[in-house]
Amino acid sequence: MEPLLKINQETCIACYACVRACPVKAIRVQSECVKPEIIPERCIGCGSCLAVCGPGAIEVRNARNDLKKILTENKNVAALVDPSIAGEFPDITDYRKFVQMLRTLGFRHIHEVAFGVDLVALAYSELFKMSRGKYYIMSNDPVTVSFVEKYKPGLVPNLAPIVPPVAATAKVVRRIAGEDVILVHISPLIASKNEILRFEGESRIDLAITFVELRELFKESNIHETDLEYSDFDAPLGYKGNFFPVANGIIQAAGIEEELHLSPVITVEGNGIIDAIKEFEENIGTIKSHFNLFYKEFLMGRGTSLGGKRILRRSQLTSYVKKRLKILDIKAWSDSIAEFASLDLRRTLKADDQSLPVPSDSKLNKILKDLDQLESPEVGCGGCGYASCTDFAIAIAQGLAIPEMCNTYASRNRQDHIQSLKISNEKLAQAQDDLKKSERLAQKESEAAGEATEILRRMLHKLPSMVVICDTNLKIIQTNDSFIDMLGEDAMEINEVVPGLAGADLKTLLPYNFYNLFTYVLSHNESITNRDIQHEGKMLNVSVFVIEKEKIVGAVIRDMSAPEVQKEEVLKRLSEVIDKNLSLAQQIGFIMGEGASETERMLNSIIESYNLKQDLKDR
Ligand code: SF4
Ligand code: SF4
């Protein structure tokens, strides 16, 4: 089930008026967003927060839809109407029209809670007579009962163990209308919505709806008194129980002495009940009186329309009761009282301790120091919703509040924040300068690199050896003119459209035995040097080497038939033969004497004669 009250986080403006108004600190602020929330276990349903919330951000669990469902699905439904209707519905000219409006809405039985008040009043009269030095707090007001159970659990044994009037009325109606009757309490209090959940068995009540919600339903269903006949409440009717909506109405209904020096009961109404309960706790031995307490007179309950005038409502109630009493059949009332006198009106009450641990002085001082409120913590601006800085610090320690709720703290934090933002901005500006310098440097380096690349590219093109560089897919990255010349006319034509054959597939330009050398180097990361291969009638000397592992390879290819390569290569290879033979000859020399030096001489003479022939040819 939804909680009785909740705060709409969208419409709440975090003004903390509700925190200030809540008598039991059932509203906490925990999150960074500083919007409050109601703690259902701590809430006593007094509705004070509701009354002070300007934007109307506090929502009450709505019962309208539940009632519509009940009335649609059931035939045997009874309304238990609180006598406060006289103050709430002065616009309805006669209470009998009001009763008919309820019947039109779909209720089969319409009963007055006033009769239940009469029964309960008698029970109190008996209890007080038999109290023998024990003093009671009367338990007719659900807010008072809830307060004692949650915040003065030690006084639970002093709560009068008598059901409230609506529960007594439920027992009566169930006997009249049958066990299966669905009971709906029409109440001036939002607290009734939770109170009815406590009653079981014969006193079970299925739903509580406020006067305000009832008004809305009349409007929604287009029910107006002008179109309707008169109809009266179902018997049994109430007598002085009709005075119940004013604080001492129950005392009058019970016929208890009200003269100050003779009355065994003290009546207190309003916020003062909290101090009254404290006094009961501390001084009942001296006070020696029962307490009749109402956090709010029912006439002005939080389930009635806002803005009602108390004295006006009182006078409307008085006129209503006078009218009722004039026509009341006292004999019939007395018979009904006698008929239901044997009903069991006892109830059990139980402690539901919600007190929070009191923080140590050192913890409190630390919080006050953080708030910068160590100087005069007993006063406060009230902006946070707490009466003093000390109360606020206690609430922080108990997890009900956060320091950001304090305007001074928040403003100081804002200043700190602004200062740190300034510093960050300065650092940011410095970083931007450095970045610009780096950018300029990088630009220069990039230009220099570009120039160097261009020089290299030109050099590459002028090289007599063929050069090709390709990627892992054997796509050409760079070549030179010699390589393109070697590939033939088709390649030269492509070169005119795509300079350097960039992107061309080496596999389509070279035979398998040739491009496979590139594939090998790419996959093994191992260079191949001086591999001779035949290509289109030419002997080519190929060296393929790794430029970037598994990604880029390059090759230098020399045409062995080119004269300058031929000479150089013959000399190089003859030198290799001589080196190899010398090594061998040295080993054999040990055995055969001068044979090796003769071989050397012979070979050297071949080289010299070749050099001489070539020089002549070149000239
Ligand atoms: S009274 Fe409470 S719920 Fe209403 S706007 Fe202010 S902080 Fe929000
Ligand atoms: S209903 Fe009363 S107890 Fe509950 S949160 Fe509002 S002010 Fe506090």
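## A tour of two helix crossings, two ligands and a ring pair

α6 passes α14 in a right-handed crossing. Bear in mind that this is a predicted model.

**Stop 1: α6 and α14.** Select residues 113-129 for helix α6 and residues 330-340 for helix α14. Their axes come within 11 Å and cross at roughly 60°. That angle lies outside the 65 to 115 degrees that count as roughly perpendicular. α6 and α14 are therefore oblique to each other. Now show side chains. From α6, pick Phe-115, Asp-118, Leu-119 and Leu-122. They meet Trp-333, Ser-336, Ile-337 and Phe-340 in α14. By class, this contact of α6 with α14 has 6 nonpolar, 1 polar and 1 charged residues.

**Stop 2: α15 and α16.** Move along the chain to helix α15, residues 361-371, and helix α16, residues 389-397. The axes come within 9 Å here and cross at roughly 110°. α15 and α16 are therefore roughly perpendicular to each other. This crossing, too, is right-handed. On the α15 side, select Lys-363, Leu-364, Ile-367, Leu-368 and Leu-371. Facing them in α16 are Cys-389, Thr-390, Phe-392, Ala-393, Ile-394, Ile-396 and Ala-397. The residues of the contact of α15 with α16 divide into 10 nonpolar, 1 polar and 1 charged.

**Stop 3: ligand 1.** Centre the view on ligand 1. Which residues surround ligand 1? Start with Ile-7, then take the run Cys-12, Ile-13, Ala-14, Cys-15, Tyr-16, Ala-17 and Cys-18. Add Pro-36, Cys-53, Pro-55 and Ile-58 to complete the surroundings of ligand 1. Colour the shell by class: 12 residues are nonpolar, with no polar and no charged ones.

**Stop 4: ligand 2.** Shift to ligand 2, which has 13 residues around it. Which of them come nearest? Label Cys-22, Cys-43, Cys-46, Gly-47 and Cys-49. Then colour the shell around ligand 2 by class: 10 nonpolar, 3 polar and no charged residues.

**Stop 5: an aromatic pair.** The structure holds 17 aromatic pairs. Select one of them, Tyr-95 with Tyr-320. The ring centres are 5.6 Å apart and the planes stand at 85°, so the pair is edge-to-face. Zoom out to see what the pair links. Tyr-95 sits in helix α5, residues 95-105, and Tyr-320 in helix α13, residues 310-327. The pair joins distant parts of the chain, with the two tyrosines 225 residues apart.

Conventions
Residues numbered from 1 in each chain as written. Chains lettered and ligands numbered in written order. Predicted model: local features only at pLDDT ≥ 70, side-chain atom pairs only at ≥ 80, totals over all residues. Heavy atoms only, no water. Axes fitted to C-alpha atoms, helices over the stretch in contact; angles between N-to-C directions. Helix = DSSP H or I, 4+ residues; strand = E, 2+ residues; numbered from the N terminus. Parallel < 35°, antiparallel > 145°, perpendicular 65-115°, else oblique. Left-handed = near helix turned anticlockwise from the far one by under 90°. Contact = heavy atoms within 4.5 Å. Nonpolar A, V, L, I, M, F, W, Y, C, P; charged D, E, K, R; others polar. Near = heavy atom within 4 Å. Phe/Tyr/Trp six-rings, centres within 6.5 Å; stacked < 30°, edge-to-face > 60°.
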